[in-house]
Amino acid sequence: MPVETYIEKGVLKDLSALLKESGGSYFENIINAYQDAQGQLCAVPARFMIPMIQAGSAYYSAGEDFNAFMERKDTMVNMLPGTVVEKFWYTCGAAWQKEDKTLDQTMITEFLTKLKNAYGEYDSSLEDETSGMSVTIEGAGTESDKDVYLSRGDYDLAFGRINTNFGLSRNMDYGMQQAINEKLKDGVIDLMPGQADHVFVPAMVLGISSKSAQPEIAEEFVKYLFSQEAQKISQFGGFPVEKESFRSVIDGHEFEGQENLVSVGGGDMDEMLSCAMEPTPEEEIKKMTELVETLTTPSLQDDVIKDAVVEQGIKVLKGEMSPEEGAAAIMQKVNIYLAE
């Protein structure tokens, strides 16, 4: 079930005191993602991901909003429809939920309409191809979950197979980002546009059952996961919520004193990028930290709703149904689910 359901049912303990005991300095905007009206933290993200976009100026301008981006042409060439729908789910789904937890059908229709207009005509040959570091097909036209990550499109963007690369950023590789921007001549990396603003994706969301048979052990484990020792372990689960740990995994300190260039390649070894192996400049660390502090909207975390959106969204982008029909089908499936 979605974490909000557990919170509403009152089956999770308040973790506020545990975070204080952990002794870290946290991004309050992230750890308060599920704070209730009484100020209780019954579920807390230990890590988070950021929906981001990287592209040249012909296809994206810094700070561009969802409407402006969707009016551009050829921004989604060579992209599978399911991957596109799922990535934009993260930056749009949070704008659809009403106060009573039902969804706004008008907003979903707008989402599918603009996405279809920007996506253009569906190319069925994409279902039979994989290239470089991009798509992997699993099952009946359903893309692998790992395709939602920004890093999956690095080489496809750098070598012109796609015009924009967007998705979830879970770690910062400054050298690679700069290499791609230089390859694009005028590349920029920014927050991914969506119907919701300043979105982050909660990850490793932790909670303790109020009926736990061993609450002390559970509390010790949660405290450890929020400690600097655990938070500083660089991993693909997302960025740390503890500020000093966050800095340590983006500052490139492991490259101190090296300042070398290395050549790295994607799936096609004829395609090589020269990346700097050096610490991240202080101004870039500051910029990234300030960006994180602007993130105020947790993405909607409900796989049942997401699966319904992706399933019907694929049909819309393939031209098998209209955006209005797709939105109606989503609402029908979701309403049955919410009524259960």
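**Exercise 1. A salt bridge between distant helices**

Describe the contact between the side chains of Glu-21 and Lys-223, and state where each residue lies.

*Solution.* Step 1. Glu-21 and Lys-223 join through their side chains in a salt bridge, with 3.1 Å from N to O. The term salt bridge requires a side-chain nitrogen of Lys or Arg within 4 Å of a carboxyl oxygen of Asp or Glu. The model is predicted, so local features need pLDDT of at least 70 and side-chain atom pairs count only at pLDDT 80 or more, while totals for chains, interfaces and linings use all residues. Residues are numbered from 1 along each chain as its sequence is written, and side-chain values use heavy atoms, with hydrogens and water left out.

Step 2. Glu-21 belongs to helix H2 (residues 16-22) and Lys-223 to helix H9, so the bridge ties together parts that are 202 residues apart in sequence. Helices (H or I, at least four residues) and strands (E, at least two) are DSSP runs, numbered from the N terminus.

Step 3. Glu-21 counts as exposed, at 51% relative accessibility, whereas Lys-223 is buried, with a relative accessible area of 19%. Here buried means under 20% relative accessible area, exposed over 50%, and partly exposed in between (1.4 Å probe, protein chains only).

**Exercise 2. Further salt bridges**

How many salt bridges does the rule give, and which residues does the network with Glu-21 join?

*Solution.* Step 1. The count comes to 14 salt bridges. Side chains of opposite charge can pair when their charged atoms come close.

Step 2. One of these bridges is formed by the side chains of Arg-72 and Glu-64, at 2.7 Å from N to O. Glu-64 counts as buried, at 12% relative accessibility.

Step 3. Another salt bridge is formed by Lys-287 and Glu-284, at 3.5 Å from N to O. Both residues lie in helix H12 (residues 282-293), three residues apart, which is about one turn of the helix. Glu-284 is buried, with a relative accessible area of 18%.

Step 4. Through salt bridges that share partners, Glu-21, Glu-220 and Lys-223 are joined into one network.

**Exercise 3. Aromatic pairs**

Which kind of pair do Phe-48 and Phe-239 form, and which kind do Trp-89 and Trp-96 form?

*Solution.* Step 1. A search of the whole structure finds 13 aromatic pairs. The ring centres of Phe-48 and Phe-239 are 5.6 Å apart and the planes stand at 35°, so this pair is tilted. Rings of Phe, Tyr and Trp (its six-membered ring) pair if their centres lie within 6.5 Å; planes under 30 degrees apart count as stacked, over 60 as edge-to-face and the rest as tilted.

Step 2. This pair links distant parts of the chain: Phe-48 is in strand S1 (residues 44-55) and Phe-239 in strand S7 (residues 239-240), 191 residues apart. Phe-48 is buried, with a relative accessible area of 0%, and Phe-239 counts as buried at 1%.

Step 3. Trp-89 and Trp-96 form an edge-to-face pair, with 5.9 Å from centre to centre and 70° between the planes. Trp-89 is buried, with a relative accessible area of 1%; Trp-96 is buried, with 0%.

**Exercise 4. A cluster and charges over rings**

Which residue lies over the face of Phe-166, and which over the face of Tyr-149?

*Solution.* Step 1. Phe-166 belongs to one aromatic cluster with Tyr-60, Phe-66, Phe-69 and Phe-88.

Step 2. Lys-87 lies over the face of Phe-166, at 5.3 Å from the ring centre. A charge sits over a ring if NZ of Lys or CZ of Arg is within 6 Å of the ring centre and within 35 degrees of the ring normal.

Step 3. Arg-170 lies over the face of Tyr-149, at 3.7 Å from the ring centre.

**Exercise 5. Positive phi in loops**

Where do Asn-78 and His-198 lie, and what is phi of each?

*Solution.* Step 1. Most residues other than glycine have a negative phi.

Step 2. Asn-78 has a positive phi, near 65°. Asn-78 is in the loop between helix H4 (66-71) and helix H5 (81-92), and is partly exposed, with a relative accessible area of 44%.

Step 3. His-198 has a positive phi, near 50°. His-198 is in the loop between strand S5 (188-191) and strand S6 (199-206), and is partly exposed, with a relative accessible area of 38%.
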